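Here are some exercises to work through with the model open beside you. Try each task yourself before reading its solution.

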Amino acid sequence: MTANAEPTTAARPPLVTVQGLKVAYDGGPLVLDGVHLELHPGETVALLGSSGSGKSTLMRSLTGFAPVTSGSVHVAGYDVANLRRGELRRLRADVGQVFQQFNLVGRLSVLTNVLTGALHDAGPVNLAGGFSAAHRRRAMELLDRVGIAYKAKEQARSLSGGQQQRVAIARALMQNPKVMLADEPVASLDPKLSHTVLDLLQRIAREDGIPVLVSLHVLPLALRHSDRIVGLRHGEVLVSAPTAQLSTEQLAPLYDGDDEEGED
Ligand SMILES: Nc1ncnc2c1ncn2[C@@H]1O[C@H](COP(=O)(O)OP(=O)(O)OP(=O)(O)O)[C@@H](O)[C@H]1O
Ligand SMILES: [Mg+2]
């Protein structure tokens with residue numbers, strides 16, 4: 001930190017820059033076809049598009065899990081399409097991830113699940129006694145931040161879906177992520193819990209000054225909980241604009257031709 005005033009969010013350089021990204025799996029058709037994307041510190045970007053439009057593939061490309069055919073992907077200083085093995089591990093340690101199914105270890109305690117977020121730094125650690133007091137303190141602070149410190153000792157599988165997703169968010173924060181990705185984080189939650197979890201993600205983006213990219217299937221959730229919306233259609237960016245400038249009608253072309261508009 002310097003004594004100078006922090007530049008505004010918009011003025012700060014992007015932490016993620018994707019340019020002309022093309023992705024094809026196993027020599028098949030392009031599933032991303034010339035995608036551009038920038039994610040700035042502190043902003044929450046909702047990624048929309050119907051099933052198969054390429055949302056998960058775009059997210060995977062940011063952590064080196066997608067087969068890049070051409071174009072460039074830069075994330076937190078890493079040139080993702082041209083990484084060596086050791087760098088790939090460090091990139092993945094710098095990117096916090098949250099998934100639809102939470103991906104917790106159900107039989108372990110909530111606290112231990114959060115602590116596993118620290119394994120990205122430390123390499124393999126003995127789960128029984130390998131975490132430092134400082135890690136434990138930090139994990140408890142994060143559980144407090146997501147509002148479920150009182151559940152720390154319970155088995156993760158005993159928690160509700162919304163609680164489990166908050167544990168997963170705390171685990172991602174344990175990595176001190178420079179970027180956060182959430183692929184349909186509320187698809188398994190009811191509307192009220194969806195708002196709670198998305199509020200939390202947006203608050204984390206603002207408070208920690210990190211970009212959060214969150215894919216969603218429900219337009220009203222995207223319109224309420226994002227600063228910007230990027231919409232994919234058949235692997236191309238059809239919409240990219242500040243959320244305040246968009247309406248449900250303007251986003252409808254993303255779903256043109258789908259049998260069922262929107263999701264259940
Ligand atoms: N591992 C893979 N191997 C081959 N094809 C894949 C693979 N993963 C995704 N695809 C294909 O890439 C396209 C985009 O899939 P992707 O999962 O990125 O879409 P999505 O927008 O996340 O969809 P959904 O909303 O259903 O999660 C689809 O046609 C899909 O079948
Ligand atoms: Mg997907």
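**Exercise 1. Find the hairpin of β4 and β5 and say which residue in its turn has a positive phi.**

Solution. Step 1: β4 and β5 form a hairpin that has two residues between the strands. Step 2: in the turn, Ala76 has a positive phi of about 50 degrees. Step 3: check the pairing, where two strands pair if DSSP finds at least two bridges between them. Strand β4 (residues 68–75) is joined to β5 by two bridges, and the two run antiparallel. His74 stands opposite Asp79 in β5.

A word on conventions before going on. This is a predicted model, in which local features need pLDDT of at least 70 and side-chain atom pairs count only at pLDDT 80 or more, while totals for chains, interfaces and linings use all residues. Residues are numbered from 1 along each chain as its sequence is written, and chains are lettered from A and ligands numbered from 1 in the order in which they are written. Helices (H or I, at least four residues) and strands (E, at least two) are DSSP runs, numbered from the N terminus.

**Exercise 2. Work out the strand order of the sheet that contains this hairpin.**

Solution. Step 1: the sheet is open and has four strands in the order β2-β1-β4-β5, with antiparallel pairing. Its edge strands are β2 (30–39) and β5 (78–79), each pairing on one side only. Step 2: go to β1 (residues 16–24), which six bridges join to β4. Here Val16 stands opposite Val75, and Thr17 stands opposite His74. Step 3: on the β2 side, seven bridges join β1 to β2, and Thr17 stands opposite Glu38. Step 4: look at the hairpin of β1 and β2, which has five residues between the strands; Asp26 takes a positive phi near 50 degrees there.

**Exercise 3. Describe the six-strand sheet and the helices that pack on it.**

Solution. Step 1: six strands form an open sheet in the order β6-β7-β8-β3-β9-β10, and the pairing is mixed. The edges are β6 (95–99) and β10 (236–242), each of which pairs on one side only. Step 2: neighbouring strands are turned by 15 degrees against each other on average, direction ignored. (Axes are lines fitted to C-alpha atoms, for helices over the stretch in contact, and angles run from 0 to 180 degrees between N-to-C directions.) Step 3: at one end, β9 (residues 228–233) is joined to β10 by six bridges, running antiparallel, and Gly231 has Val239 as its bridge partner. Step 4: α1 packs on the sheet and touches β3 (44–48), β6, β7 (179–183), β8 (212–215) and β9, with its direction at about 155 degrees to that of β7. Contact requires C-beta atoms, placed from the backbone, within 7 Å. Helix α7 (residues 191–208) lies across β3, β7 and β8, at about 160 degrees to β8.

**Exercise 4. Which residues surround ligand 1?**

Solution. Step 1: list the shell, counting a residue if its C-beta atom, placed from the backbone, lies within 6 Å of the molecule. Ligand 1 is surrounded by Tyr25, Val31, Gly49, Ser51, Gly52, Ser53, Gly54, Lys55, Ser56 and Thr57. Step 2: find the main contributor; helix α1 (residues 55–62) gives the most, with three residues. Step 3: sort by class, which yields two nonpolar, seven polar and one charged residues. (Ala, Val, Leu, Ile, Met, Phe, Trp, Tyr, Cys and Pro count as nonpolar, Asp, Glu, Lys and Arg as charged, and the others, Gly among them, as polar.)

**Exercise 5. How far apart do the C-alpha centres of domain 1 and domain 2 lie?**

Solution. Step 1: set the bounds, which come from an automatic or database domain assignment: domain 1 is 13–76 + 179–190 + 207–264 and domain 2 is 104–177. Step 2: the C-alpha centres lie 27 Å apart. Step 3: six residues of domain 1 are in contact with five residues of domain 2. The side of domain 1 that touches domain 2 has five nonpolar, one polar and no charged residues.

Notes
Contact = placed C-beta atoms within 7 Å.
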